[in-house]
Amino acid sequence: MNILEKNDKVKVRARSVKREFQIKNRQGKNQPLVVLEDFDLDIQEGEFLTLLGPSGCGKSTFLNILAGLDKADGGDILVDEKPLEERSYDRGIVFQSYALLPWRTIIKNLEVGLEIRGISKETRREVARKNLERVGLAAYENQYPHQLSGGMKQRVAIARVLAYDPAILLMDEPFAALDAQTREDMQIELLRIWEADKKTILFVTHSIDEAILLSDRVAFMSSQPGHIREIIEIDLPRPRTEEIRNSVEFSQIRKSLWALLQEEALLNQSYGAFI
Ligand SMILES: Nc1ncnc2c1ncn2[C@@H]1O[C@H](COP(=O)(O)OP(=O)(O)OP(=O)(O)O)[C@@H](O)[C@H]1O
Ligand SMILES: [Mg+2]
């Protein structure tokens, strides 16, 4: 059954969102760069939605706005039908970079969000350990981030957001730095958590296969100024086994997403970003 049939409550409603940056041109003069314009998107509660689109189209910008780390210049964003600015809600973001605190051990990195929430020391440690185990790094709790490989640091960043247990998970290419096997393990673990905890997930990836494998829907963005160009329902049964991945339906979706990316990349003259 498709998730949209299970629950049609809109968790996030974005309307006519605009974001414009001031950048310096080659002559050193300020000029506007419109990154998001007419950006409309509904994310259903409990849905796994992936943003896909050319490099620089504004995916991270939208995630940062939703996370409250940046502000839109226009339009409206509602979370649970209330304006984003008016409420603080539980959102957790996994960034494109790891964003770990170098002066804290791994276990203490996992405890940051829980500390802010005022959770007791014992519970913090227990939750942090459980989530470190989930990503296979229990043995590293007393190491510092610089003592871990890139892929391990990314797994810590994922464990940290899971420990925080937000209602909305914002994930910006969280698996890009991982080796193929770890990536697959993490995808399975993420789906397990999503299904068990009924989280709403907004995910960004450059991998078409990853998008099809994980998502209920893929929202495809145009190049700058970025807006949602098309929404593709991934109507494949779960779990998406090897058999499903090799199915005609899977490869048809892959083909149509490729065609969209190629079209945008040609428009954007940045074809290289996807190969
Ligand atoms: N703080 C900023 N100041 C000026 N320009 C910015 C800022 N942040 C982002 N941009 C510009 O906004 C555009 C969109 O950036 P963004 O990081 O959202 O792209 P993206 O879709 O996430 O790309 P990628 O797939 O490469 O991660 C880019 O042209 C970038 O240079
Ligand atoms: Mg990005």
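1. Start with Pro-225, which sits in the loop between strand E9 (217-221) and strand E10 (228-233). Keep in mind that this is a predicted model. Look at the bond leading into this proline: the peptide bond from Gln-224 to Pro-225 is cis, with omega near -10 degrees.

2. Now follow the chain past E10. Pro-239 lies in the loop between E10 and helix H8 (242-245). Here too the bond before the proline is cis: from Arg-238 to Pro-239, omega is near -5 degrees.

3. Next, have a look at Asp-38, in strand E2. Asp-38 isn't a glycine, yet its phi is positive, about 50 degrees. Is Asp-38 buried or exposed? Neither, quite: Asp-38 counts as partly exposed because it has 15 C-beta neighbours inside 10 Å, and buried would take 20 or more, exposed 12 or fewer.

4. Asp-165 is another one to check, with a positive phi near 55 degrees in a residue other than glycine. You'll find Asp-165 in the loop between helix H5 (150-164) and strand E7 (168-172). With 17 other C-beta atoms within 10 Å, Asp-165 is partly exposed.

5. Finally, the ligand. Which residues come nearest to ligand 1? Of the 12 around it, they are Phe-21, Ser-55, Lys-59, Ser-60 and Thr-61. Strand E1 (10-24), strand E2 (30-44) and helix H2 (59-66) each give two or more residues to this shell, and H2 has the largest share, with three. By type, the shell around ligand 1 splits into five nonpolar residues, six polar and one charged.

Note on methods: Residues numbered from 1 in each chain as written. Chains lettered and ligands numbered in written order. Predicted model: local features only at pLDDT ≥ 70, side-chain atom pairs only at ≥ 80, totals over all residues. Near = placed C-beta within 6 Å. Helix = DSSP H or I, 4+ residues; strand = E, 2+ residues; numbered from the N terminus. Nonpolar A, V, L, I, M, F, W, Y, C, P; charged D, E, K, R; others polar.
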